[in-house]
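Subject: Structure handover

Hi,

Here is the structure for you to look through. My notes follow below it.

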Amino acid sequence: MSESVDVVIVGKGMMGAAAARHLARAGADVALIGPDEPEDWANHGGVFASHYDNARITRTIDDDPCWARLARRSIDRYPEIAQESGIEFHFPVGCLIAAPVPGGTFDYLENVERARNRLGVEAPLLLGEELAGRFPWFCFPQGYAGIHEAGGAGYINARLLVRAQTIAAEKSGARVIRSEVVSVEDGSDHVVVRTIDGHLVRAGRALVAAGGFSLSQALLPRPIDLTVKARTVLFAEVGADDLPSYAGMPSLIGAAPEQERSYYLLPPVAYADGKHYIKIGGDPIDRILASEPAIRDWFRSSANAEAAEHLRALLAETIPELKPVSMHYSPCVTAFTRHGYPYIGFASDRIAVLTGGNGQAAKSSDEIGRLGAVLVAGGRLEADEYETDFAVAYR
């Protein structure tokens, strides 16, 4: 089993699938390689992906102008992706960012306002009684304000987004190989990618978009400076009788000077078991996963019980009237770069890397994928409109 293409993309996640769609639409001969989600996490011996979830916050409002622009461009293309694929993955229920009022030592909301104003996004600042009146589900500490984005913000189903990108890429001619890559070899005039089931793909260039698994020594010619952190996510089941009372609830980001007081929260979202869950995340302390085997072990684990209890307490404070029918928690990971933006660059003459979501990339993955496609198609990244060059840092 062997074939030759212009570009091979290693990693069928949010960034990789987006890059495949953009490359295929531009006329490139593309192979997108990556396994589907395993049915049995605990006994799965292969790689995982953090997009195995039904709810990720999407919004333009951000305290960083670069991330705000990445998000805005991606959100603007959501309808295009849905139309090409026939899959609806975007739920524009709005997003609220709550934090200490502007003017204090914690300038998060001031930065959000500046980024908002640069892009001309409608997202008003709400104070005091107005904040409480608009969002009666939530209880915030004294001295908090909120910035609310209604248009286009809300949440995306990450599983469906990847499926949509993959289908759209296939419709434009991309070849999808649902298998795990075991090696990427840099030759004199081509790259050779091998999968665990013996498939071999030769390409002029390769784009490694493997998330935290980009730490693997088998994928890149030199190790990148990527910090992968273990994350625990808590799911609180909302009973069918209670669902109507949460109609209109937006996604929520609670920002605070202390990591242990910061969190994100999704409104009730339907999952494969037919139940609706409010999802909350925000680990109080960081746990570093220093190797690929450590990442695999973490995904196969039951996550961190202490972090889950912390999240349960935060949820009770934020939505005090919520009476969950059940609660459970799951493992996830986030990959952080040295400069806080995605890595988009060449690791060798023919092998490029596209990784580092920094906990913010789901909503922005289409634009990040487009930039990766620009890089491998033209041999250089032209992104002068951004406040960073997305340079790759190495260890």
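Which residues have the most contacts inside the largest nonpolar core? They are Ile 9, Phe 89 and Phe 390, in a core of 46 residues. Please keep in mind that this is a predicted model.

**Cores**

Several elements give two or more residues to this largest core. They are β1 (2-10), α1, β2 (30-33), α2, α5 (158-171), β20 (351-355) and α8 (365-378). A second core is separate and has 41 residues, including Val 5, Tyr 52, Ala 210 and Ile 351. As background, nonpolar side chains in soluble globular proteins tend to be buried together.

Phe 89 deserves a look. Leaving aside neighbours within four places in sequence, Phe 89 is in contact with Tyr 78, Ile 81 and Ala 82. The list for Phe 89 goes on with Tyr 155, Ile 156, Asn 157, Leu 160, Leu 161 and Ala 164.

**Helices α1 and α2**

In general, two packed helices are described by the angle and the distance between their axes. Helix α1 covers residues 14-25, and helix α2 covers residues 65-85. Their axes come within 13 Å and cross at roughly 75 degrees. The two helices are therefore roughly perpendicular to each other. On the α1 side, the contact involves Arg 21, His 22 and Arg 25. On the α2 side, the residues are Arg 77, Glu 80, Ile 81 and Glu 84. By type, the contact residues are one nonpolar, one polar and five charged. Ile 81 of α2 also appears among the contacts of Phe 89.

**Aromatic pairs**

The whole structure holds 15 aromatic pairs. Take Phe 91 and Tyr 155. Their ring centres are 4.9 Å apart and their planes are at 15 degrees, so the pair is stacked. This pair links distant parts of the chain, 64 residues apart. Phe 91 sits in strand β4 (residues 90-91), and Tyr 155 sits in strand β8 (residues 154-156). Phe 91 counts as partly exposed, at 31% relative accessibility. Tyr 155 counts as buried, at 9%.

Tyr 386 and Phe 390 give an edge-to-face pair. Here the figures are 5.5 Å centre to centre and 70 degrees between the planes. Both residues are buried. Elsewhere, ring pairs join Trp 41, Phe 48, Tyr 52 and Phe 299 into a cluster. Tyr 52 is also one of the residues in the second core.

**Backbone points**

Most residues other than glycine have a negative phi. Which phi does Phe 390 have, positive or negative? Phe 390 has a positive phi, about 60 degrees, although it is not a glycine. Phe 390 lies in the segment after α8. At 0% relative accessibility, Phe 390 counts as buried.

Ala 303 also has a positive phi, about 75 degrees. Ala 303 is in the loop between α6 (292-300) and α7 (305-318). Its relative accessible area is 15%, so Ala 303 is buried.

**A buried loop residue**

Where is Ala 256? It is in the loop between β14 (251-254) and β15 (263-270). Ala 256 counts as buried, at 8% relative accessibility. Not counting residues up to four places away in sequence, Ala 256 touches Phe 106, Tyr 144, Arg 261 and Ser 262. The C-alpha atoms of Ala 256 and Pro 38 are separated by 36 Å. Along the chain, these two residues are 218 residues apart.

Best wishes

Conventions. Residues numbered from 1 in each chain as written. Predicted model: local features only at pLDDT ≥ 70, side-chain atom pairs only at ≥ 80, totals over all residues. Heavy atoms only, no water. Axes fitted to C-alpha atoms, helices over the stretch in contact; angles between N-to-C directions. Helix = DSSP H or I, 4+ residues; strand = E, 2+ residues; numbered from the N terminus. Parallel < 35°, antiparallel > 145°, perpendicular 65-115°, else oblique. Contact = heavy atoms within 4.5 Å. Nonpolar A, V, L, I, M, F, W, Y, C, P; charged D, E, K, R; others polar. Core = buried A, V, L, I, M, F, W, Y, C linked by side-chain atoms within 4.5 Å. Buried < 20%, exposed > 50% of the residue type's maximum accessible area, 1.4 Å probe, protein only. Phe/Tyr/Trp six-rings, centres within 6.5 Å; stacked < 30°, edge-to-face > 60°.
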